[in-house]
Amino acid sequence: MSGEFIAFFILSLLTIGGAVFMISFTRVVHMVISLGVTFISIAGLFVLLGAEFVGVSQILVYSGAISILMLFGIMLTKHDAKDQGAGPSWKNRFALVFVAIVFGLIFWGIQNTPWAEPTQPVPSAVSNAKEIGIEVFTKYVIPFELLSVLLLVSLVGAIIMAKKEEDKP
């Protein structure tokens with residue numbers, strides 16, 4: 001068992017745990033914290049895969065900007081201080097069984113897939129940041145810019161919706 005395997009195991013548990021807690025928590029602040037743990041763990045998985053640029057971008061964009069956006073959403077909306085959970089129900093049990101079945105199917109599929117060895121050696125002197133920059137700013141310029149406009153529109157829409165709630169008596 002290598003250190004890379006242990007790091008992968010810990011980061012994958014943090015990723016899955018953060019996602020499950022994000023869904024199961026009832027307070028919005030707790031959801032944002034667990035979502036931040038999930039994003040940072042995913043960035044660690046990218047670093048383990050050798051995609052350092054994508055890992056740093058993950059931390060900067062998702063863990064930073066989107067978490068801040070969610071915190072602005074928390075501050076701009078009114079929330080009740082007490083939890084709204086009513087305890088375990090049949091829906092929670094059904095969801096647990098469904099997740100266990102999907103996990104079993106995915107695990108079975110991974111174990112029974114014949115993985116082929118790479119036929120060509122992977123070049124080690126490739127700059128991830130340079131290759132990503134070339135791809136983004138040549139082939140994907142329009143989707144990149146449309147995504148920035150979409151994020152700006154969603155931020156303005158959230159502020160307008162929060163402002164309308166405040167105006168009502």
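This short talk goes through the two largest pockets of the structure shown above.

Before we start, please keep in mind that this is a predicted model, in which local features need pLDDT of at least 70 and side-chain atom pairs count only at pLDDT 80 or more, while totals for chains, interfaces and linings use all residues. Residues are numbered from 1 along each chain as its sequence is written, and side-chain values use heavy atoms, with hydrogens and water left out.

A pocket here is an open set of points on a 1 Å grid over the protein atoms alone, where a 1.4 Å probe fits, with protein on both sides within 12 Å along at least five of seven lines, and its lining residues have an atom within 4 Å of a point. A volume is the space filled by probe spheres set on the points, which are joined across faces, edges and corners.

The largest pocket holds about 570 Å³ of space. Its lining has 19 residues, and those nearest its centre are Ser57, Val61, Tyr62, Phe144 and Leu147. Two or more lining residues come from each of α3 (52-76), α5 (128-138) and α6 (141-167), these helices being DSSP runs (H or I, at least four residues) numbered from the N terminus. The largest share, 7 residues, belongs to α3.

What lines the second largest pocket, whose volume is about 480 Å³? Its lining consists of Ile16, Ala19, Val20, Ile23, Ser24, Asn92, Ala95, Leu96 and Val99. Here α1 (3-24) and α4 (90-111) are the elements that give two or more residues, and α1 supplies the largest share, with 5.
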